Every structure is written in structure tokens, then in C-alpha cells.
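Reader: I would like to learn how to read a model of this kind, one feature at a time. Could you take me through it, giving the general idea before each case?

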Amino acid sequence: MRIKTNRNMGRILLAGACAAALAAGSAVPAFAVDEKTGTTNVTYSSSQQVPGTNGWGFEIPTAIPFGHDKSVTVDASVNLCNMTPGGSVDQIPEADFPTGGVELSLQSANGFQLQKAAAPLDPVAYKISYEGAAVTKQLFDTNVGQTKTVIGKFTKTDHTAVGTAERVGDAGESGSHTDTLTFSYDASNTTPIP
Amino acid sequence: MALLVFLALAAAAVAAAVFLAQPEGDGDGIDPSATSYSIPGYDNPGGERGRIRIPTYSDWDMKAGTDTVEVPLINTEGNPCYMRFTVKLSDGGEVLYQSGLVPPGQAIPSIRLNRTLDAGTYPITVEIATFSLDDPSQPLNGAELGTDIVAS
């Protein structure tokens, strides 16, 4: 697939955005266009935190590719991360992070089964095991099904759940078998900051 | 001299006309509002290992009675995927906004909702669907982030 970008369009949009930034105050981003490359750099006059974000987030696996060999496991780890440029997890400001930690949940579209896009679905079971001080639910498999389930409560010290994915079943049909995982966080589930 | 000025102005007018005639987007599913938005150091060093960086969101403030939220939706530089953002009301699931595909290192600078919001606090869910850079029709693992829109 051909992907192209329209640099001129970007410049026009950013000109408008720049005007909005100047009108709204110092906590919003200031824009600067590099005329040599056509790229845009964004800096923050009073904070390195992107507006509308907490400055921290999560790292999740893009995909969990299983191979033919069932004994070969795949990394499925998740971890808290500092989204502020150059910052580590322990440098997340106390004021920006809920005191009780934050919960991350996991939901499988197919109930922890890989399956084909069309019938016969030929479901193939797999499981993910999580380890770490943050973890409250170790095993995610077909028994969990499609229910959104909390993996654990993450803090600046217990920031990683080491995940190991393992294919349990075997495919009876040829072709691609897939599942989609959704990791979720809801601020309303956290302990309010006093 | 006058001729040179005239020619320069004519060339500028032609260039502007050509630019304005360009269609929005490029037909590949990329959001036409997506624009380069690199922030020095704001990247994902784990992208090469297949890791996606997902932000969490604080309250989104907006002016009551309007439809625009001045919050950028960023696909962090280095993420090994396209992102599509969908903003839904947590109660009822009404879709307030959905982007097209946003490449890594680009962002939607601000979002225009499908309707205006009266004064109040609206719990929302930001769904981030991700897609393969090699085949944007191929979904990858995604995320859902809850926060509030505060219109005042």
C-alpha cells in the first residue's frame, strides 16, 4: 500500500493551530515548522506534558505471533511508562499519578482463541500468564473468555507485568488464525488524589 | 520591473490554486487532518521490539456550546502501527468523534465532535484501534482509555 503525506496541508493546518495556541496561553504547545525538511516540531513553553494527557501511559504488545512450534512462547508483557520526553517511570510526578496505583485490564475479542475470519472458524486456544508484583490475575485463557479482566494494579515501583503467551491448541484448517486484545485503563477506577 | 512583479503574483496565484484544488486525504485511509507532530524525545524506543506506547488522558476541557476540543491525538513516533481514535460517551456509547488512520509521529491537532456539548462533565472512552504498517487492513492489539470531557 502506498502511503503518502501532504506536507503543504500540514503547514496550513499548523498555521491555524499556532494561532490557537498563542490565543490560549502558555500551557499549550507552540508550533514551529522546519522549512528545510517540511517537518514540524512541537515544544512546550511551560510543560513537557502533551495537553489532555497525564504524561504517563502504558506499553503493550503490538501482536503476539505464534509459530508452528507450540513450545515456543511469545512475550506479552505490559508496563507503565513515562510519556514525558526523557523521563523514566520513577520520575513521573507524584501530582500526576494516582496514589493508589492504576489498574490495567485485558479483554480478548475471541475469548483467548485464535480463529479464522470466516467459517469454519477453527478456534485454537492460547493462554497468557502474567508475573510480577503488580499482577492480580495470573492466567488469561479460555476460562476468562471475552470478559474484561484486570491484570493488576501498577505503581511507579511495581510497573511491569511480565507476560508469556503460549499456544495451547492446534489448528485443524490452514490459513490465518487471529485474535485481538484490548488493554484498557479508566481514570474513574483509580483512587482520587487527596 | 512591473512585469516581474506581475509574473511573481501570477505564479503565486497559480500555486495557490493548485494547492487548494488538492483533495483532502489521499485515499489510503490516512486522516486528512493528520500532521507531523514530532516532539524531541517523545518517542517509543520499544517500537522495534513490537511495543506500542499508549498515553492515558486527563480531563479534556472545552467551551460549552461548541464542538471543538483542543487536545491533540498523537500516535507516538516509533510506534509500529497506525492508530485510529474513536471518542465515545461512556454512557450509551454515542460516537462523538472518529479519526482516520494516524501514522506514527503524526497527530490530529484538535478534534471536532459530531455535535456541540452543553455545559457539564461527560465521561468518555477513547478507543485506540491499531493497524499494521505493512497492511493497514490488518488490526493489531488496541486500547481503551477512560476520561472526562468537561464543558464549561
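Author: Let us begin with chain B as a whole, keeping in mind that this is a predicted model. Of the 152 residues in chain B, 47% are buried, and the accessible surface of the chain comes to about 7,000 Å², of which 55% belongs to carbon and sulfur atoms.

Reader: Which helices and strands does chain B have, and in what order do they run from the N terminus on?

Author: Chain B holds one helix and eleven strands, and the helix is placed ahead of the strands when the elements are read from the N terminus. Contacts in chain B between residues at least 6 apart in sequence can also be sorted by separation, and 70% of these join residues at least 24 apart.

Reader: How should I read the pairing of strands, and what is the order of the open sheet of three strands in chain B?

Author: In general, strands of a sheet pair through backbone hydrogen bonds, either parallel or antiparallel. In chain B, an open sheet of three strands has the order β1-β8-β5, and its pairing is antiparallel. The strands β1 (35-36) and β5 (73-75) of chain B stand at the edges with a single partner strand each, so one side of each is left without a neighbour in the sheet. Two bridges join β1(B) to β8(B), residues 106-108, and within this pairing Thr35(B) has Ala107(B) as its bridge partner.

Reader: Where do the partners of strand β12 of chain A lie, and which way do they run?

Author: Strand β12(A) pairs with β6(A) through four antiparallel bridges, and with β11(B), residues 139-151, through five bridges in a parallel arrangement. For the pairing with β6(A), Ser108(A) stands opposite Leu181(A), while for the pairing with β11(B), the bridge partner of Thr182(A) is Gly142(B).

Reader: Why is β12(A) described as largely enclosed by the rest of the structure?

Author: Five of the six residues of β12(A), which spans residues 181-186, are buried, and therefore the strand is largely enclosed by the rest of the structure.

Reader: Which backbone angles in chain A should I look at with care?

Author: The general expectation is that most residues other than glycine have a negative phi, and that most peptide bonds are trans. Phe112(A) has a phi near 60 degrees, a positive value in a residue other than glycine; this residue sits in the loop between β6 (102-108) and β7 of chain A, and is buried, with a relative accessible area of 0%. Asp122(A), also not a glycine, has a positive phi of about 50 degrees, lies in the loop between β7 and β8 of chain A, and is buried with a relative accessible area of 16%, given that the cut-off for buried is under 20%. As for peptide bonds, a cis bond joins Ala119(A) and Pro120(A), with omega about -5 degrees, and Pro120(A) is found in the loop between β7 (113-114) and β8 (124-131) of chain A.

Reader: How is empty space found, and which residues lie nearest the centre of the largest pocket?

Author: Rolling a probe the size of a water molecule over the atoms shows where empty space is left. The largest pocket holds about 570 Å³ of space, and is lined by 24 residues, of which Ile64(A), Phe66(A), Leu114(A), His177(A) and Thr178(A) lie nearest its centre. The lining has eleven nonpolar, nine polar and four charged residues. Both β8(A) and β11(B) supply at least two residues of the lining, and the largest share, three residues, comes from β11(B).

Conventions
Residues are numbered from 1 along each chain as its sequence is written. Chains are lettered from A and ligands numbered from 1 in the order in which they are written. This is a predicted model: local features need pLDDT of at least 70, side-chain atom pairs count only at pLDDT 80 or more; totals for chains, interfaces and linings use all residues. Side-chain values use heavy atoms; hydrogens and water are left out. Buried means under 20% relative accessible area, exposed over 50%, partly exposed in between (1.4 Å probe, protein chains only). Contact means heavy atoms within 4.5 Å. Accessible areas come from the Shrake-Rupley method with a 1.4 Å probe; for residues, only the protein chains shown count as cover. Two strands pair if DSSP finds at least two bridges between them. On a 1 Å grid over the protein atoms alone, a cavity is a set of points where a 1.4 Å probe fits but cannot get out, and a pocket is an open set with protein on both sides within 12 Å along at least five of seven lines; lining residues have an atom within 4 Å of a point. Grid points are joined across faces, edges and corners, and a volume is the space filled by probe spheres set on the points. Ala, Val, Leu, Ile, Met, Phe, Trp, Tyr, Cys and Pro count as nonpolar, Asp, Glu, Lys and Arg as charged, and the others, Gly among them, as polar.
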